[in-house]
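Trainee: I would like to go through the pockets and the ligand and ask what justifies each term.

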Amino acid sequence: MNSALLKNATIITASQTIKADILARDGIIEQIGRHLDAADAQSFDLTGRYLLPGGIDVHTHLDMPLGDIRSCDDFTTGTVAAACGGTTTIIDYAAHAHGETMAQGLDAWHQRAEGKAVIDYGFHLTLSEFTDRTLRDMERIVEAGVTSFKVFTAYPGRMMIDDAAIFRVLQQAKEIGALVCVHCENGQVIDALIHDALAAGQTAPKYHPLTRPAIAEREAAHRVISLAEMADAPVYIVHVSSGAAIEQIAQARLRGVPVYAETCPQYLFLSAELYDGIEFEGAKYVMSPPLREKLDQDALWQAVRNRMIDVIGTDHCPFHFQSQKTLGRDDFTKIPNGGPGIETRLNLMFTGGVSEQRISLNHFVDIVSTQPAKLFGLYPQKGEIAPGSDADFVVINPEHETFISAITQHSIVDYSLYEGMRVKGTPEKVFARGELIVENGRFLGKPGAGRFLKRQRSSHYAR
Ligand code: URP
Ligand code: ZN
Ligand code: ZN
């Protein structure tokens, strides 16, 4: 198989920065040291470049069914976009339909990904209902290498399960060494607010955030943390969007509750005035939770800085603006929820985090790669640069600037949330298990090269 010799790089991991060479063979890091030589290996001179472990995005929705449509990136276009943005592993949310078993849902996701993904992938399993077989089935899913589950306090009638069910899922997760991820918004109150808005003829995209206030997120976060505390189980809160929810997480951590938190670049960089855009433009930003206020961005950045946020995910769930978001032209509740982001996570976080001196390079690596690997049972195979780890690398020229645009992106979606934004940290080269798969924005890999990752238990259980 392949051999690659990466010379003279500045290697950045979550814990250290060193100048060294790396020799990778058969997809695995064999040696790290000075003045390495290997006549049979393809050699790359990385003088002046940062070399980091490949990014890990633990929150994606590729080819996800939603009513009669699907999120528009499949496992090929979505993972090509991920790779071009420096992400070499994803964990996608598999789900089962009502009446279907979890195993059936998982099988369907395997079929979506197999032969299509260009980078390695794992799955979480989303529970769309709670039945008398849920707890038993969770064990089988963990045995199949899917060691995390997602539940919702939002979307009554579709995804929401009640507090007792969440409590039981948390208890069972602790028993079998799994991690429960929770979408925190109070779905019933949101439905009441939506009812009132529609009754008043308020149908434009700008009513999306007004019917999903930050207090609905704070309340659900508080409740879910309390449920986890009563179950004595860890919990991972996905896509935290508000300072109000962060306060709950910070207080819980002070009490010693093992609550882990993820936010996404859209909540750090964008805010709610975008819903007031001309015509139907605001629909581009219809996602749940919605974009918040500038003050929330500040609180989230502060939480990133002080490590109240463990992970940066993307919640990449793209729908075409021209042909899919338009389903809600006359009713904001029919706009498919979600936005793109899989390709821009690293350059946005490098720019807003490292270049703007909010976090160190090592901290950057930690939140985009190492913590995701640890919390979701992939470490040290992924998220680390050490002998024995997979040879997944991102090479960054720290001086190079690019502009984000839908025209140059690799995702199939027809818009970008960050059109025209100037960024640093766009990968110059990306290696996946020792193969060069991206060079200067050009994808060189192949569909089907990505492997399913059977994950171990979360690092939480090693504490
Ligand atoms: O609006 C969003 N975030 N759609 C994707 C599904 C979810 O809630 O994470
Ligand atoms: Zn969610
Ligand atoms: Zn999501």
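Trainee: Which residues lie nearest the centre of the second largest pocket?

Mentor: Thr-402, Thr-408, His-410, Thr-426 and Gly-441, out of 20 lining residues. This is a predicted model, where local features need pLDDT of at least 70 and side-chain atom pairs 80 or more, while totals for chains, interfaces and linings use all residues. Residues are numbered from 1 along each chain as its sequence is written, and side-chain values use heavy atoms, without hydrogens and water.

Trainee: What makes a space a pocket?

Mentor: On a 1 Å grid over the protein atoms alone, a pocket is an open set of points where a 1.4 Å probe fits, with protein on both sides within 12 Å along at least five of seven lines; lining residues have an atom within 4 Å of a point. The second largest pocket holds about 410 Å³, and the largest pocket about 1200 Å³.

Trainee: How do you know where ligand 1 sits?

Mentor: A molecule sits in a pocket if more than half of its atoms lie within 2 Å of its grid points. Ligand 1 sits in the largest pocket, so that condition is met there.

Trainee: Why is the pair between ligand 1 and Ser-288 called a polar contact?

Mentor: A polar contact is a pair of N or O atoms within 3.5 Å. A backbone N or O atom of Ser-288 is 2.8 Å from an oxygen atom of ligand 1, so the pair qualifies. For the side chain of His-59 the distance is 3.5 Å.

Key:
Chains are lettered from A and ligands numbered from 1 in the order in which they are written. A polar contact is a pair of N or O atoms within 3.5 Å; within protein, one must be able to donate a hydrogen and the other to accept it, and residues adjacent in sequence count only if both atoms are side-chain atoms. Grid points are joined across faces, edges and corners, and a volume is the space filled by probe spheres set on the points.
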